[in-house]
Every structure is written in C-alpha cells, then in structure tokens.
Amino acid sequence: MLDYLTILTRKITILIINTCAVNTGSSSRFSLLILLYIILFIYIITLVTAGILLYKEISKNIKQKLENEHLEIYSQEYKNILKTVQARQHEFNNHINNIINMHFIYKNYEDLTKHQEEYAGFLKESYKYNKLLDTNQPAISGFLYMKMCQYERVNAEIIYNIDVTDISKYISIVEMAEIAGALLDNSFQALEKLPAGIPRKLEFTLAEDEEILSLKIKNTLESKINYKTLSCFFKEDYSTKGEGHGMGLFNVRNIMKHCNGDISIHSYYDNGFWISICCSIKKKLSFW
C-alpha cells in the first residue's frame with residue numbers, strides 16, 4: 001500500500017510540474033504551486049502514518065513471536081513436571097500400602113493412629129502442589145508449580161485455587177505469568193523476612209466470575225501497612241528491599257494498564273496482619 005501511494009503521489013506531482021511549465025500565467029502557476037505543496041504535505045503525512053503502522057505491525061509480530069516462545073517453554077515445563085509426577089505415582093501407591101499395613105507393626109490403637117497421621121502428613125506435604133497440575137491451563141499451571149517449588153525454603157502454609165477455563169480470553173498467558181510471578185516473588189520474599197513466631201501464610205486464587213478474571217494473592221505481615229506506603233508500591237523503583245528492586249510491581253501495573261485491568265491493594269487485620277493484592281481483568285471484546 002505504501003508503494004502504491006508513493007507512485008501515485010509522484011505521478012500527480014510530475015503532472016502538476018508539467019502543467020506549471022505549460023501554463024505561463026502567473027496566477028495559474030501560483031494556484032498550481034499551492035496545490036503541489038498540499039499534495040506534498042499529504043504525501044509526507046502518508047509516509048509518516050504508514051511508518052507508524054508498519055512499526056506497530058512489526059512490534060506486534062515480535063511480541064507475538066516472543067509470547068509463542070515463552071508459551072512453548074511453559075508448556076514443555078508442564079510436560080516435564082507431569083512426567084515426574086506420573087513417575088512418582090508408583091511411589092505414592094507404595095506409601096498408601098505402608099499406611100494400610102502399619103497395623104502389623106503397631107499393636108495398640110494409639111501408636112497406630114499416631115504413626116499413620118505422621119506418615120499421612122508427610123505424604124500431604126510431599127504432594128501438596130500436585131493439584132496445580134489438574135487444570136486445563138497447562139502452561140500457567142507448570143509455571144506456578146515451578147514458582148511454588150522455588151520458594152520451598154520459605155516453609156509457608158500455602159492455600160491455592162485455580163478455577164478458570166481459558167485465560168487467553170482475558171489476557172495472554174505470558175502476561176499472566178509475568179503478573180503472577182512478580183506478585184508471588186514479592187509475597188514469598190516478604191514472608192521469608194518475617195520474624196520467628198509470626199505465621200507464614202499465603203493464599204493464591206485465580207478464578208473467573210462471569211466476564212471478569214481475578215487474580216488475588218495475600219500473605220501475612222508483621223504489622224499493618226498504612227495507606228500512604230501502599231500507594232507507593234507500584235511506583236517505579238520503589239521498594240522496601242532497597243536499591244535495585246521495585247520493578248516487579250511497577251511492571252505489573254503497566255501490564256494491567258495495557259489490558260485495561262484494575263488493581264487494588266489492601267492491608268488489614270484478620271487473626272493476624274495481611275496484605276492483599278487483587279488484579280481484575282475483563283474479557284477481551286470480540287467483533288466476530
């Protein structure tokens with residue numbers, strides 16, 4: 001289209017110049033020159049507009065390519081994790097048999113129930129993230145599974161729930177992974193710094209309600225955070241962790257702006273101090 005407009009503008013310009021050369025009248029020549037300037041101005045505007053459109057198209061293609069590459073990585077990680085979990089299924093069955101057969105070892109009811117509870121607690125802890133993989137969102141499930149395992153050292157009590165049919169109806173998988181990753185990093189790092197005696201708890205929910213996808217993450221705190229401090233959390237370079245931090249939440253805010261989403265943050269008391277961040281994203285408009 002740009003080549004066609006360029007050729008057409010050139011032909012019109014040449015035609016006007018030739019006409020100017022033929023018409024010797026000063027008034028006619030002046031009018032034609034004015035027309036020539038107008039056409040040149042339109043030509044420049046056309047070039048600039050076409051350049052902007054071309055830049056946007058190239059940027060869109062590059063972004064889509066990067067998203068596809070990241071999506072492939074997340075999907076592959078999910079497959080690898082799933083293979084590992086499936087391989088451990090045989091071990092799990094052996095553990096269940098061990099629990100069942102404990103009555104051959106412990107002769108009284110108290111000892112039997114005590115050791116069965118301990119063994120069951122061990123199994124629950126070992127397989128606590130497996131439910132994450134039982135969704136129809138393999139890419140984001142694999143990412144969240146890896147993120148949870150990454151912060152095992154924090155030793156936090158984690159409650160999670162994923163109830164969504166198709167994330168891509170609201171936001172790209174890659175952007176959702178960036179948002180969830182940044183918020184989880186922030187929460188786990190805050191929990192890791194809590195002094196002894198304060199429970200380390202984290203709740204993660206990703207669910208859809210009618211036309212809105214909601215991501216909510218909350219974690220325990222040492223004390224309540226005032227409103228003035230909370231209002232600074234999503235500013236560029238702001239961080240309570242010192243210099244070199246603060247870009248994670250800032251990027252979350254930018255992504256939410258890009259997808260016309262809403263983000264809210266609260267600090268409150270509920271059997272302990274908590275901080276809660278909620279991201280709400282409306283379903284993408286469809287014109288088909």
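1. Start with the hairpin: E4 and E5 form one with 3 residues between them. Asn271 sits in that turn and has a positive phi of about 55°. Keep in mind that this is a predicted model. The two strands pair in the antiparallel sense over 8 bridges, and one contact point to look up is Tyr269, whose bridge partner in E5 is Phe273.

2. Now follow E5 to its other neighbour. E3 and E5 also pair in the antiparallel sense, here over 10 bridges. Leu213 stands opposite Ile281 in E5. On another strand, Glu208 stands opposite that Leu213 in E3, so you can click your way across from one strand to the next, given that strands count as paired if DSSP finds at least two bridges between them. Strand E2 (residues 201-209) and strand E3 (residues 212-221) pair in the antiparallel sense over 8 bridges.

3. Put together, this is an open sheet of 5 strands in the order E1-E2-E3-E5-E4, with mixed pairing. Its edges are strand E1 (157-163) and strand E4 (262-269), each of which pairs on one side only. Neighbouring strands are turned by 10° against each other on average, direction ignored.

4. How buried is E5? Of its 10 residues, 7 are buried, so the strand is largely enclosed by the rest of the structure. Across the protein chain, buried residues make up 34% of the 288 residues.

5. Have a look at helix H6 (residues 173-192) too. H6 lies across E1, E2, E3 and strand E5 (273-282), and runs at about 10° to E3.

6. Away from the sheet, there is a nonpolar patch on the surface, formed by Ile34, Leu35, Tyr37, Ile38, Leu40, Phe41, Ile42 and Ile45. Together these residues have about 750 Å² of accessible area. Leu40 belongs to helix H2 (residues 26-87). Why does Leu40 count as partly exposed? Because its relative accessibility is 31%, and the partly exposed class runs between under 20% for buried and over 50% for exposed.

7. For the overall layout, the protein chain has 8 helices and 5 strands. Along the sequence they follow the pattern α-α-α-α-α-β-α-β-β-α-α-β-β. Among the contacts with a separation of 6 or more, 66% are between residues 24 or more positions apart. The protein chain exposes about 18,700 Å², and carbon and sulfur atoms supply 58% of that.

Conventions: Residues numbered from 1 in each chain as written. Predicted model: local features only at pLDDT ≥ 70, side-chain atom pairs only at ≥ 80, totals over all residues. Heavy atoms only, no water. Helix = DSSP H or I, 4+ residues; strand = E, 2+ residues; numbered from the N terminus. Axes fitted to C-alpha atoms, helices over the stretch in contact; angles between N-to-C directions. Contact = heavy atoms within 4.5 Å. Patch = residues over 30% accessible without salt bridge, like charges linked within 9 Å, V, L, I, M, F, W, Y side chains within 5 Å. Areas by Shrake-Rupley, 256 points an atom, 1.4 Å probe, with all protein chains shown as cover. Salt bridge = Lys/Arg side-chain N within 4 Å of Asp/Glu carboxyl O. Buried < 20%, exposed > 50% of the residue type's maximum accessible area, 1.4 Å probe, protein only.
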